[in-house]
Structures are given as structure tokens and as C-alpha cells.
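Here is a quick tour for someone meeting this structure for the first time. Have a look at the sequence and the fold, then read on.

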Amino acid sequence: GSWLQASVTDADGDVVTQGLAGLVSVSVENDVPTLSLTESTVSGAVQEDALGSTTLGNTADTDLSDGIAEGPVTDVAVLDLSGLVTSLPGADEPAPVLYEVINAGTATGLSSNGEVVTYAVNTATNTLTATAGTRTVFTFVVDKATGQATFDLNDQLDHDVTDAAQAGDAGQLTVDLGSWLQASVTDADGDVVTQGLAGLVSVSV
């Protein structure tokens with residue numbers, strides 16, 4: 001309305017005008033991006049046997065234990081989180097999907113050499129660090145833009161010998177990481193949509 005006026009001019013040239021400020025408007029509904037799960041899961045596997053080993057392409061890096069390497073083993077797992085969600089940017093593009101480590105604030109349910117394992121999140125590096133006392137048990141680093149994640153086991157995790165799935169040399173303990181992850185999308189005018197990944201990302205040890 002501020003950019004409009006009505007006017008009338010009579011036969012001998014008299015002119016009367018009337019501004020239309022505040023009287024004319026058009027509402028534009030916002031478009032918000034979508035983010036949905038694909039119903040897929042992502043998992044990886046590492047072996048304590050590989051801890052401290054420099055064979056078979058392994059690196060000892062900062063390992064605090066020495067495993068007994070038997071066959072092709074590794075203490076590093078690379079996971080691709082990008083297939084867990086799909087997104088439509090909507091009209092306010094671009095709207096890239098980001099993959100973030102978040103502080104779930106829940107107990108891990110894990111222990112290492114009898115000590116409780118706790119998690120700490122560094123949002124600047126998008127890293128989850130698992131510690132037992134002063135020891136780093138593992139790190140989980142996520143590339144925020146691509147969703148590629150690296151799980152690096154540095155020390156042993158306690159396996160429950162009363163659980164057949166965990167007992168013995170081939171026993172496997174599942175580390176559920178999804179609760180500490182989320183995907184998010186932010187469009188060009190700042191609309192944000194997030195999606196938790198609980199139950200969708202794990203590494204067996």
C-alpha cells in the first residue's frame with residue numbers, strides 16, 4: 001500500500017490523490033525443508049585383536065592395549081551415515097544436510113577393565129570420545145558435511161561372559177552410537193529441521 005495511490009482528475013484539471021498505505025498486502029507462505037529417515041541402518045565392526053598391531057595395514061596410533069592379531073583384523077571402522085536420511089530443500093535452497101554428534105546425556109552401559117565408560121562430545125570437531133578413568137577407549141569422528149564417520153578403538157571394552165553373543169574369542173559387544181547423533185537441515189532463510197538417529201548406528205567390538 002505504501003507504494004500505491006488512487007487519484008481522480010476532473011474535466012478542468014483538479015486533481016485529488018489518496019495514498020493506500022497499510023491497505024494492500026500479499027502474504028507469502030514459508031516453505032520449510034523436509035528430512036526423513038530411509039529406514040536403513042549403518043553398522044561397522046572392529047576387533048580387539050588388532051589393538052597395538054601394525055600388521056595387515058593397521059596402525060597402533062594411540063592404542064593402550066595389545067591384542068593377539070589373528071587373521072585380517074582392524075581396530076578402525078569407517079561408516080557412511082549419508083544413506084540414513086533423505087531431504088527435500090524446498091523453495092529456500094540451498095539447504096544442505098549436516099550430520100552432528102550431540103550430547104544425549106545418557107549412560108553408555110559400557111565398561112573397560114572394570115571402569116565405567118563415559119562419553120564426551122566436542123561440537124567443534126564433531127567428535128565423541130569414550131573414556132574410562134583417564135584412558136581413551138575409543139573415538140568416533142563424524143564429517144559434518146558428508147556423513148562419513150570413523151570409529152577408532154584404542155583400548156579394550158569389557159564383554160559379558162554370561163552372554164553367549166559376547167563370550168569367547170569371537171564374541172561381539174554392540175556399541176549403539178545412534179542416540180548421540182542427529183541429522184539436520186537448514187535452509188537459506190534459517191528454517192531448521194532435525195532428525196535423531198537413535199538405534200540406527202552401531203559398531204560391534
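## A tucked-away asparagine

Asn126 counts as buried because its relative accessibility is just 4%; buried means under 20% relative accessible area, exposed over 50%, and partly exposed in between, using a 1.4 Å probe and protein chains only. You'll find Asn126 in the loop between β10 (118–122) and β11 (127–132). Strands here are DSSP runs of E with at least two residues, helices are runs of H or I with at least four, and both are numbered from the N terminus.

What does Asn126 touch, leaving out residues up to four places away in sequence? The list is Tyr99, Glu100, Val101, Phe140, Val141, Val142, Asp143 and Lys144, where contact means heavy atoms within 4.5 Å. With Val142 there is also a polar contact: a polar atom of the Asn126 side chain lies 3.0 Å from the backbone oxygen of Val142. A polar contact is a pair of N or O atoms within 3.5 Å; within protein, one must be able to donate a hydrogen and the other to accept it, and residues adjacent in sequence count only if both atoms are side-chain atoms.

## Where the picture comes from

This is a predicted model, in which local features need pLDDT of at least 70 and side-chain atom pairs count only at pLDDT 80 or more, while totals for chains, interfaces and linings use all residues. Residues are numbered from 1 along each chain as its sequence is written, and side-chain values use heavy atoms, with hydrogens and water left out.

## The nonpolar core

The largest nonpolar core has 40 residues. Such a core is a set of buried Ala, Val, Leu, Ile, Met, Phe, Trp, Tyr and Cys residues joined through side-chain atoms within 4.5 Å. Leu81, Tyr119, Phe138, Phe151, Leu157 and Leu177 have the most contacts inside this core. Two or more residues each come from β5 (76–80), β7, β11, β12 (135–142), β13 (148–153), β15 and β17 (201–204), and β12 gives the largest share, four residues.

Take Leu81 as an example. Not counting residues up to four places away in sequence, Leu81 touches Val42, Tyr99, Val142, Gly147, Ala149, Leu181 and Val201.

## A salt-bridge trio

How many salt bridges are there? The count comes to two, with a salt bridge being a side-chain nitrogen of Lys or Arg within 4 Å of a carboxyl oxygen of Asp or Glu. In general, side chains of opposite charge can pair when their charged atoms come close.

Arg135 pairs with Glu115, and their closest N and O atoms are 3.0 Å apart. Arg135 sits in strand β12 and Glu115 in strand β9, so this pair ties together parts that are 20 residues apart in sequence. Arg135 also meets Asp155 in a salt bridge, at 2.6 Å from N to O. Asp155 is in the loop between β13 and β14 (174–176), so this link, too, ties together parts 20 residues apart in sequence. Glu115, Arg135 and Asp155 are thus joined into one network by salt bridges that share partners.

Are these three buried or exposed? Arg135 is buried, with a relative accessible area of 18%, and Asp155 is buried at 3%. Glu115 is partly exposed, at 34%.

## Sheets and a hairpin

One open sheet has three strands in the order β7-β15-β16, with antiparallel pairing. Its edge strands, each pairing on one side only, are β7 (97–101) and β16 (192–196). From one strand to the next the twist averages 25°, with axes being lines fitted to C-alpha atoms, for helices over the stretch in contact, and angles running from 0 to 180 degrees between N-to-C directions. Strands pair if DSSP finds at least two bridges between them; β15 (residues 181–186) and β16 have five. Within that pairing, Ser184 stands opposite Thr194.

Elsewhere, β1 (residues 5–9) and β2 pair in the antiparallel sense, also over five bridges, and Gln5 has Gly19 in β2 as its bridge partner. This hairpin has five residues between the strands, and Gly13 takes a positive phi near 95°. Strand β2 (residues 15–19) is hardly covered, with zero buried residues among its five.

## Two exposed loop residues

Glu39, in the loop between β3 (34–37) and β4 (42–45), has a positive phi near 70° despite not being glycine. Glu39 counts as exposed, at 78% relative accessibility. Asn113 is in the loop between β8 (111–112) and β9 (115–116), with a positive phi near 55°, and counts as exposed at 60%.
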